[in-house]
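Visitor: Let's walk through this model together. Please show it first.

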Amino acid sequence: MSRRAWRAVPLGCIALLSLGWASLADAVEVTLSAEYRGGLPAEWRHTTPEAPNCADVTQMCRGKQSVGIALTYTKKVVTHLVDKLSRENFYGTLPAARNGQIVHEQNGDVQPVTLSFNYYSQAVYSPNRNRNPVDSSTRWGGNCQPQNGKWRSSNTLVTHWRYRQFPGLCTMRNRWGGEGDIEVIEASDLALTYTLTLPSVSRLQPGRYRGRIDYSVGPGGDFDFGDNILSISDTAIGFNIVIEVDHEFRVEFAPGFDHAILQPPGGWGAWLDGGRVPPKISADSSLRMWSSGPFRVYKFCEFEAGEHCAIRNRRGEEVPLHVLTSMPWGVRYGGWQGVTRMPLPTGRNAALALEPVVYTHNGPGQVHFEVVEADLPAMLKRPGERYSGKVTLMFDADL
C-alpha cells in the first residue's frame, strides 16, 4: 500500500462526539474499535477484542462483533408463574439503537455513528443448580429468544439471548421452580454483540476519531435487571468509540506529463490556410489515481493572471492559461458532482475538496491546459514567439 500526504507536479507549458449521556463517574468503561488501512475491500475492520463469553457460547459470537463488560450484580430472584413479566423474575433489557458522533482528534471533523445490540449474555451463579433461573431454552416473558447456554461450572451457567425487537425485554425462570421460589444469584461477565454503523470509509479523513455513548444501568435504565438488586458494581456503561483511518493515496503520471505543448484542435492548418483564429490552443495530460479517502487538489502558478495562471513571452507579454481537471469516475465534488473539466483553483485555501464515493483503483484522470479563443489574437500577432510558464499541481491527502 502506498500513501502520500501530497504530491506536487511542476509543469512547463509552451504556447481536494456527541454524547448519548454525560459521562458518569461510576460508569464501567469499554472500548469499541475499528480501523481502515487502505486498499480493497474498502471496508471497516473491527478490532474490539472478543467477549470472554464467546469461548462458552461460540454460536453467539460467530460472524458478529462482541464486547465483554466487567459489570456484576447480585439479585434475589423470586419466581412468578402468573406474572411472567414480573421484575422479580430473572430480568434483562436491551436498549434501542442510539445515534452518536465521532470527532477527529486533530481537525474536529464530526461524523455520525449508530450503536445497537443484538445478543446478550451473562454468567449466572446459583447456589442451587436446579434453581438457576437461566437454565432454560425457553423465555418466560418478553420478546427475546433464549439460546442454549453452557455450564461453566457446576453452579454457573453462561446464557445468551437474542433480541428481535427493541427496546428488548426478557424474563426467565428455572425448569422446576414453583410460584414464590427464592434464589439469590450472582451475575457477571456481561457480554453483548453489537452493530456499530459507521460512515463510508471514503468519507472519513485520515487520523483518529473518538466518540462516546453512555447508557444507564439499573431500574428504569437502559440496561435494567429488574427489582431486588442487592448489589451492583456500576450504574452506567460508557462505550468509548475509537476509529483509525489510514487512507491509500497515490497518483501516477504518464510519461511526458511535465511538458505540455499547446496546439489548436486538429493542428494549425486552418490558421495557416485562411487566417482563421482557432477556438483554443490546448493540451491534455493523463494520470492514474488510487484513492480511498478525501483529498484536495489545487495549483500554484509561476505567472498569475487573476484566477488563472499565465504564459509569458520574452517581451513580458502574458496571456491567461486555463487549467482544468477531470477525475476518475467515482470521485465527486460536493458529495455528488462528477469532476469533468473542472477549473483548478490557485492556492490551498481555495482547493477543490474531492472524495471518492467508491474506492478508486487505477482510475484514469486528466489535467487540461488551454488558452481560449478570446486571448489568442494577441499571441497570433507575434508569429514565431515562444510563450512559456510553469504550473505546479498539488494533490493533498493530508487533511
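Visitor: How many contacts beyond four places in sequence does the model have for residues 13-24?

Guide: This is a predicted model: local features need pLDDT of at least 70, side-chain atom pairs count only at pLDDT 80 or more, and totals for chains, interfaces and linings use all residues. pLDDT is the predictor's confidence in each residue, from 0 to 100, and a contact means heavy atoms within 4.5 Å. Over residues 13-24 pLDDT stays under 50. Where pLDDT is low, predicted coordinates should not be read in detail, and the contact count for this stretch is 55.

Visitor: What is the average pLDDT of the protein?

Guide: Residues 1-7 also stay under 50. Still, 93% of the residues score at least 70. The average is 89.

Visitor: What is the radius of gyration of the protein?

Guide: Residues are numbered from 1 along each chain as its sequence is written, and side-chain values use heavy atoms, leaving out hydrogens and water. The secondary structure comes to three helices and 29 strands (DSSP runs numbered from the N terminus: helices are H or I, at least four residues; strands are E, at least two). For 399 residues the globule rule (2.2 Å times the number of residues to the power 0.38, with the radius taken over C-alpha atoms) gives 21 Å. The protein is well over that, so it is more spread out than a compact globule, with a radius of gyration of 32 Å.

Visitor: Which residue stands opposite Phe-90?

Guide: Three strands form an open antiparallel sheet in the order E6-E12-E9 (two strands pair if DSSP finds at least two bridges between them). E6 (90-94) and E9 (141-142) are the edges, each pairing on one side only. E6 meets E12 (residues 168-172) over five antiparallel bridges. There, Phe-90 faces a residue of E12, Met-172.

Visitor: What is the volume of the largest cavity?

Guide: A cavity is a set of points on a 1 Å grid over the protein atoms alone where a 1.4 Å probe fits but cannot get out; lining residues have an atom within 4 Å of a point. The lining includes Phe-90 and Met-172. Grid points are joined across faces, edges and corners, and a volume is the space filled by probe spheres set on the points. Here that volume is about 60 Å³.

Visitor: Where is the cis-linked Pro-167?

Guide: Most peptide bonds are trans. The bond from Phe-166 to Pro-167 is cis, with omega near -5°. Pro-167 sits in the loop between E11 (156-163) and E12.

Visitor: Which strand holds Asp-189?

Guide: Most residues other than glycine have a negative phi. Phi of Asp-189 is positive, near 50°. Asp-189 lies in the strand of residues 182-197, E13.

How values were computed:
1 Å grid on protein atoms, 1.4 Å probe; cavity = no way out; pocket = protein on both sides within 12 Å on 5 of 7 lines; lining within 4 Å.
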